[in-house]
Amino acid sequence: MKGSWPKAAVTPIRVMLVDDSVVARSIFARVLNNCDGIQIICEASDSDAAVACLDENEVDIILLDIEMPKRSGLDALPDILAKANGARVLIVSAFAEENGPAAVQALSLGACDTLAKPGRAGFSGRFTEILIDKVLRLGRSAQERTDDKYAPRPILDYRTLSKPRCIAIGSSTGGIPAIQHILRNLDETLDCPIFITQHLPAAFMTFFARQLGGLTRRTVKVAEAGERVESNHIYLAPGHAHLVCRSERTHVVIDHQSSYTASRYCPSVDAMLESVARTYGCDGLALIFSGMGNDGLAGARALNAFAAPVFVQDMQSSVVWGMPGAIAKEGLATAIMTPSHMTDMLSRLATST
């Protein structure tokens, strides 16, 4: 029934549907049109038509299939984003579940999120709820305007910081390009271990590790429980459990924590950051990138208690300023920075004593 979902914003969220299936487009249109505050602006049956549509229409969110004739959605994604004028891209495809590398590649190219098309269960129930929720959240983020109060504010005096013994990165929706930027430009003399918690399905983590491994000379791997933490290594949360660390005599060991009641996310950035605070104290350093919700806020509080720095991505460069915004608004951010400013800051710390 019309009006059963909360209104997204005063201005309707404008949606473009890109799918070669007429049936799929009609179902998406029916579902979304039943939600107040969402408006279907245009439809396209292939990628080239989608690019052409963007020449004539302003939209906030694009639902994009991957497998299409002529040119796949993945191949066309850079061109679509170039014409999108800030619109968010949500991949809605069977490939989002069946083809992990394609889904991770889409997220790396700039898609905000993925959603697997349902199989025999049909386009109803849980799928409908998730689709509407993602469209509302991503659509709102596309309509947000930069708040000058939380504009980028890089720290001016790097002498107040010391070279970290570990870096912990928390990220979710829209954060993968920022992670890639950091790893691609990280000073090679900064050899401390790096822990990454990225909200992704467990099945995607191996592909994600492989992709990040192509950007750096450091060893990138999905963290294994019980392994000893080493320099020049990057450890990814496994997806099915929380990545945490602990001190054991003269070294640090990784654990998988199966339960963490303080967060609904798995893996949880909070669980990781709290363990980093306990293990490394003021020698830990956190980077929080784009993502929905507030995962990382409790962890930032723990790091602040040890005077460990927490840097958050700025609103303008974030797809969703939920996670970094929650930390900034509580006054826990050491600085609000673009990913480029973060790489500059880390380069300076690499040479500090």
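Here is a chat about a predicted model, with each label traced back to its value.

Biologist: Before we trust anything, what makes you confident in the protein chain?

Modeller: The pLDDT is the predictor's own confidence, from 0 to 100, and the protein chain averages 90. On top of that, 93% of the residues score at least 70. I'd be wary of residues 1-9, though, where the pLDDT is below 50.

Biologist: Why is Ile-132 called buried?

Modeller: Buried means under 20% relative accessible area. Ile-132 has 1% relative accessibility, so it counts as buried. You'll find Ile-132 in helix 6, which spans residues 126-143 and packs on a sheet.

Biologist: What makes you say that helix 6 packs on the sheet, and which strands are involved?

Modeller: Contact means heavy atoms within 4.5 Å. Helix 6 touches strand 1, strand 2, strand 3, strand 4 and strand 5. The direction of helix 6 makes about 165° with that of strand 4.

Biologist: And how are the strands of that sheet ordered?

Modeller: The order is 2-1-3-4-5, in an open sheet with parallel pairing. Strand 2 (38-44) and strand 5 (113-115) are the edge strands, as each pairs on one side only. Neighbouring strands are turned by 25° against each other on average, direction ignored.

Biologist: How do you know that strand 4 and strand 5 pair?

Modeller: Two strands pair if DSSP finds at least two bridges between them. Strand 4 and strand 5 have 3 bridges, in the parallel sense, so they meet that cut-off. As a spot to look at, Leu-90 stands opposite Asp-113 in strand 5.

Biologist: What puts the buried residues of helix 3 on the same side?

Modeller: The residues in question are Gly-73, Leu-74, Ala-76, Leu-77 and Ile-80. They cover an arc of only 135° around the axis, which is why they share one side of helix 3. The face turned away from that buried side carries the exposed residues Asp-75 and Ala-82.

Biologist: What do the buried residues of helix 3 pack against?

Modeller: Their partners are helix 2 (47-54), strand 3 (61-64), strand 4 (88-92) and helix 5 (100-109). Just after helix 3, Asn-85 takes a positive phi of about 55°.

Biologist: In the other open sheet, the one with 7 strands, what makes strand 8 and strand 14 edges?

Modeller: That sheet has the order 8-9-7-6-12-13-14, with parallel pairing. Strand 8 (219-222) and strand 14 (335-337) each have a single partner strand, so one side of each is left without a neighbour in the sheet. Strand 14 pairs with strand 13 (residues 310-313) over 3 bridges, and Val-312 has Ile-336 as its bridge partner in strand 14.

Biologist: How are strand 10 and strand 11 joined, parallel or antiparallel?

Modeller: Strand 10 (residues 242-248) and strand 11 (residues 251-257) run antiparallel, with 7 bridges between them. Set against the cut-off of at least two bridges, they therefore count as a pair. They form a hairpin with 2 residues between them, and Arg-249 in the turn has a positive phi of about 60°. Within the pair, Cys-245 stands opposite Ile-254 in strand 11.

Biologist: Last one: which residues touch the most other members of the largest nonpolar core?

Modeller: That core has 38 residues, and Ile-167, Ile-196, Phe-208, Leu-287, Phe-311, Met-345 and Leu-346 touch the most other members. Another core lies apart from it, with 35 residues, among them Met-272, Ala-277, Ile-288 and Met-323.

Notes
Residues are numbered from 1 along each chain as its sequence is written. This is a predicted model: local features need pLDDT of at least 70, side-chain atom pairs count only at pLDDT 80 or more; totals for chains, interfaces and linings use all residues. Side-chain values use heavy atoms; hydrogens and water are left out. Buried means under 20% relative accessible area, exposed over 50%, partly exposed in between (1.4 Å probe, protein chains only). Helices (H or I, at least four residues) and strands (E, at least two) are DSSP runs, numbered from the N terminus. The arc is that of the directions from the helix axis to the C-beta atoms. A nonpolar core is a set of buried Ala, Val, Leu, Ile, Met, Phe, Trp, Tyr and Cys residues joined through side-chain atoms within 4.5 Å. Axes are lines fitted to C-alpha atoms, for helices over the stretch in contact, and angles run from 0 to 180 degrees between N-to-C directions.
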